[in-house]
Amino acid sequence: KSVRRYTTALELSKKHNIRFTEALATEGIATVYSRQNNLDKAIEFGLKAFKINKAENQFRLIASSAHLLGVSYHLKDDLKNAAHYYGESLKGFEKIGDSLNVAVNYTHLGLIEKERDFDKGFQLQRKAHDFFERKEPMHYNAIQNAGNLSRSYLEIYQNDSLTVNTGVKKMDALAKSDEL
């Protein structure tokens, strides 16, 4: 039902050449498909929204549609594209000063980066955690990130080379893992 309503809004937007609402309706369709785990359709419509937003220089919407693409690619285990679009989203939210969504992107990028470079991903998780603790401790991404960070501290405790690379002492890592 939501897709039908967004499609009607999309058709009207195209008919009247209102690019802003065309992008919003297209992203709405992508969001519905993402929630239904129809990731191919979510990406298809997300890319359309992203392109319209870029053409119209809608920075908040560029960042929003990029984040949706990052999540969709992440759920498909396409980490290269997920990291690319999370990075695009991060740049956009930094540009407009939206620190909550910057932290949200740090959360997601931290998971991906940790696979390639543990310390880099760990630092992104810590940045997100620092923001959430100060501003939005009950945000759902704050809770998700705290769990991810706790696991990272446990991994540091279990792996001597990570204690060297991160500079976190073994017993401090264990304490932090329990604390979070």
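Which helix gives the largest share of the lining of the largest pocket, and how many residues is that? Helix 4 does, with 6 residues. The exercises below work around to that pocket.

This is a predicted model, where local features need pLDDT of at least 70 and side-chain atom pairs count only at pLDDT 80 or more, while totals for chains, interfaces and linings use all residues. Residues are numbered from 1 along each chain as its sequence is written, and side-chain values use heavy atoms, with hydrogens and water left out.

**Exercise 1. Take stock of the fold: how many helices and strands are there?**

Step 1. Count them up: the chain has 10 helices and 0 strands (DSSP runs numbered from the N terminus, H or I of at least four residues for helices, E of at least two for strands).

Step 2. Reading along the sequence gives α-α-α-α-α-α-α-α-α-α.

Step 3. Along the principal axes, the C-alpha atoms fill a box of roughly 65 × 30 × 25 Å.

**Exercise 2. Work out how helix 1 and helix 2 run relative to each other.**

Step 1. Helix 1 covers residues 2-15 and helix 2 covers residues 19-35; their axes sit 8 Å apart at an angle of about 160° (axes are lines fitted to C-alpha atoms over the stretch in contact, with angles from 0 to 180 degrees between N-to-C directions).

Step 2. Helix 1 and helix 2 are therefore roughly antiparallel (over 145 degrees; under 35 is roughly parallel, 65 to 115 roughly perpendicular, the rest oblique).

Step 3. Their crossing is left-handed (the near helix is turned anticlockwise from the far one by less than a right angle; clockwise would be right-handed).

Step 4. Now look at who touches: Tyr 6 and Leu 10 are among the helix 1 residues that meet helix 2, whose side includes Ala 25 and Ile 29 (contact means heavy atoms within 4.5 Å).

Step 5. Sort that contact by class and you get 8 nonpolar, 6 polar and 2 charged residues (Ala, Val, Leu, Ile, Met, Phe, Trp, Tyr, Cys and Pro are nonpolar, Asp, Glu, Lys and Arg charged, the others, Gly among them, polar).

**Exercise 3. Do it again for helix 2 and helix 3.**

Step 1. Helix 3 spans residues 39-55, and its axis comes within 8 Å of that of helix 2, crossing at roughly 160°.

Step 2. That makes helix 2 roughly antiparallel to helix 3.

Step 3. The crossing of helix 2 and helix 3 is left-handed.

Step 4. Contacts include Ala 30 and Tyr 33 of helix 2, with Phe 45 and Ile 52 among those of helix 3.

Step 5. The tally for this contact is 10 nonpolar, 4 polar and 5 charged residues.

**Exercise 4. Describe the largest pocket: what is its volume?**

Step 1. Its volume is about 420 Å³ (on a 1 Å grid over the protein atoms alone, a pocket is an open set of points where a 1.4 Å probe fits, with protein on both sides within 12 Å along at least five of seven lines; lining residues have an atom within 4 Å of a point). Points join across faces, edges and corners, and the volume is the space filled by probe spheres set on them.

Step 2. Of the 18 lining residues, Arg 35, His 67, Leu 68, Val 71 and Tyr 140 are the closest to the centre.

Step 3. The lining splits into 7 nonpolar, 9 polar and 2 charged residues.
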